[in-house]
Amino acid sequence: MTPLVKPAQDLHHAYRRRDLREALAALALAGPASALIFVFLIAPLVCIALLSLTDYQLGAKALRFVGLHNYSEMFADRVFRRSLENTLIYVSVVVPLSVGLGLGAALLIEAGESLRAFYRTVYFLPVMATLIAMAIVWEFALHPKLGLVNLALKSVGIAGPDWLHDRHIVLYTLAGIGVWQSVGFNMVLFMAGLQAIPRDLYEAAAVDGVSNAWDRFRTVTWPMLGPVSLFVIVITAIRSFQVFDTVQVMTKGGPNRASEVLLYTMYSEGFEFFRTGYAAAVTMVFLAFVLALAALKTWFLDRRVHYA
Amino acid sequence: MVIRGLVKNFGDTRVLNGVDLDIGAGEFITVLGPSGCGKTTLMRIIAGLERQDAGSVEIDGRPVDALRPNERDIAMVFQSYALYPHLTVFDNIALPLRMRRLSWRQRLPGMRRIDRSAQAIERGIAAKVREVAGLLQIEPLLARKPAQLSGGQKQRVAVGRAMVREPRVFLMDEPLSNLDAELRVHMRAEIAQLHRRIGVTFIYVTHDQAEAMTMSDRVVVMMGGRPLQFAPPGDVYADPEDLQVARFVGSPRINTLPGTVHAGGSIEVGGLAVPFDTGLAPGAQVTVSLRPADTKIALQTPDTAGADRAGRELAATIVHRENLGSDLFLHCRVEGIDATLVAREDPGKVGLLPVGAEIRIGLPVEHLLAFDASGRRVRPGGRMTSLAQPAAA
Ligand SMILES: Nc1ncnc2c1ncn2[C@@H]1O[C@H](COP(=O)(O)OP(=O)(O)OP(=O)(O)O)[C@@H](O)[C@H]1O
Ligand SMILES: [Mg+2]
């Protein structure tokens, strides 16, 4: 007869074997993804970080370690400071507007019964359209004399500005296009969030004396949308930091650097002036913002807005 | 509360089909019925969450049909509890009071820090919340979020949120269905106690007959969107008005046998003539039923097999036995007619009654219930009861 209780020695070995097997399985499962992340994400990042400490020029045969020289040059550079400032203004216009409008549109569409699919499609179209192609359409629409926008304004007696060549306006014009492009995406995310709110919470609120739309929004909708809102805000902010295609197609950062943004600076330094080391330093600044946003999201999600 | 002719359709399906109820102030009413019979729909109409297609609901003599849920002074405990997941237990319970006592300006974030009168009201609310929490023994939980509570604790919080503003009517939709058996029995007692203490009208929905039988003053048995009987729990069990009620209440299910009315005041069941004056025309088909607890069986021994007993008892064979420890249920196949009866016996007799044993079953007239072809109760003496007359409120 075999003893019911194994000797401690045997048990110990059995556990050790199982631990080993589990560790191997974990490695096999997580390995491929980790390897890919390393090859395509971590390694390039490290390369860029290292490049930003050199004077490497695209196509050059040699490079020299220059320490933080690129960074000190960058922060002393008027163009870079302008570019950073413009990017921050762009983000601070696009994020609140497109998140607010997206939420508003989602609430309105969810509140109504009819044409839901139609509205959803219409709002979502800009998300699916290629921005480069759309940028050309916008360029036509915003033409100072022949553009649809100014013609429409003229018909009601307003002389429209030159949207893309007035240096006080151009950044906000681009921000407007950015809002137009991301409202639909945010709206779809908010709609998904709204549909996930249990209906009985609204009913409980109605019985508890929550009687108007504002109270309903404050007691149920907004708190329950918390995680979705945070996600939408962070995603929109990251996407706004990445603004490039409209600038490249419509303004080339002009007039007089009035619409110069981070990614455009990076592009022109790296691929027009071939100053790869300097462009790498600009990239590091850009990455710092994106990482900070991602970290903020993780931190918040872990702490405050998680209900489950 | 008075409910008159309530009708509700969802598309083409009629979910409530003429509900009439008169409920006295402070009564504990249970709505009992199988799944899908419209219990929740009835609750939701009373609460004002759903609009009826016809009929009316009156509370304290005032029709409330045009009022919104918050104006009806009704509290509801949802089957899913519907606690606000982002609020602490304290804030969950305080919310109905804040909505009622504070103005919208005082409810703005931060206002409670600045506004003196809001602070005074807030202190009153806190006192009330603590009082309710004490009653329900959830004081230690006040700072937690709903996700950190067990099912029973959530249920108490939901009750607390309903209680805190002292409503005129308390609606509960299967509040115990998510709890385990032991907790369910415990909470059953607690809710009954709560009702005694606060004394307002309770309407309690369940499909669990034990809950209905143990907690309520009166039970409404609903089937297919209409109340079939509205009576004290004992009557629903012992004196059902309808065959469906008789079948739904009681476990194991009531025994039924097909019978035919004979002239001269008897019913023929499986070859026996049972003296039972239905007042129905001879030849009418009836259903005769008998609770398992009233079904008495006797072993067929050589001396009982005598001719004198034949003609008064049914011959049957035990086909299945269930011994629950406290009860012994014997499933017996009756000879001659295609029917199986269940008899409750003392488990002490288990040795005497093996499967396959030949037995006799008596039909004690005083325990027999007869129903006509449409399922309505017929009583001896030929009186036919009318359907589900609501008792006086
Ligand atoms: N919003 C709705 N639309 C269409 N049909 C519905 C709706 N709500 C309920 N029903 C139907 O109405 C009937 C009664 O539903 P109800 O929820 O009142 O049943 P119930 O008695 O509470 O059942 P349960 O014991 O399962 O909770 C069901 O057949 C259900 O399918
Ligand atoms: Mg229900």
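**View 1. Salt bridges and polar contacts between chain B and chain A.** Across the interface of chain B and chain A of this predicted model, two salt bridges are found, a salt bridge being a side-chain nitrogen of Lys or Arg within 4 Å of a carboxyl oxygen of Asp or Glu. One of them links B:Arg161 to A:Asp208, whose closest N and O atoms are 3.5 Å apart. Nine residue pairs across the interface are in polar contact, both residues at pLDDT 80 or more. A polar contact is a pair of N or O atoms within 3.5 Å; within protein, one must be able to donate a hydrogen and the other to accept it, and residues adjacent in sequence count only if both atoms are side-chain atoms.

Residues are numbered from 1 along each chain as its sequence is written, and chains are lettered from A and ligands numbered from 1 in the order in which they are written. Local features need pLDDT of at least 70, side-chain atom pairs count only at pLDDT 80 or more, and totals for chains, interfaces and linings use all residues, while side-chain values use heavy atoms, with hydrogens and water left out.

**View 2. Area buried between chain B and chain A.** The contact (heavy atoms within 4.5 Å) takes 24 residues from chain B and 20 residues from chain A. Together the chains bury about 1900 Å², 60% of it on carbon and sulfur atoms; buried area is the accessible area (1.4 Å probe) that two parts lose on being put together, summed over both. On the side of chain B, the most area is lost by B:Tyr84, B:His86 and B:Met99, which together account for 26% of what that side buries.

**View 3. The open sheet of chain B.** Four strands (DSSP runs of E, at least two residues, numbered from the N terminus) form an antiparallel open sheet in the order E2-E1-E4-E5. Its edge strands are E2 (13-22) and E5 (62-63), each of which pairs on one side only; pairing requires at least two DSSP bridges between two strands. Strand E1 (residues 2-10) runs antiparallel to E2(B) and is joined to E2(B) by seven bridges. B:Ile3 stands opposite B:Leu21 in E2(B).

**View 4. Surroundings of ligand 1.** Residues around ligand 1 (a heavy atom within 4 Å) include B:Phe10, B:Val15, B:Lys39, B:Glu174 and B:His207. An oxygen atom of ligand 1 is 2.4 Å from a side-chain N or O atom of B:Ser35. For the side chain of B:Thr40, the corresponding distance from a ligand oxygen atom to an N or O atom is 2.5 Å. A polar backbone atom of B:Gly38 is 3.0 Å from an oxygen atom of ligand 1.
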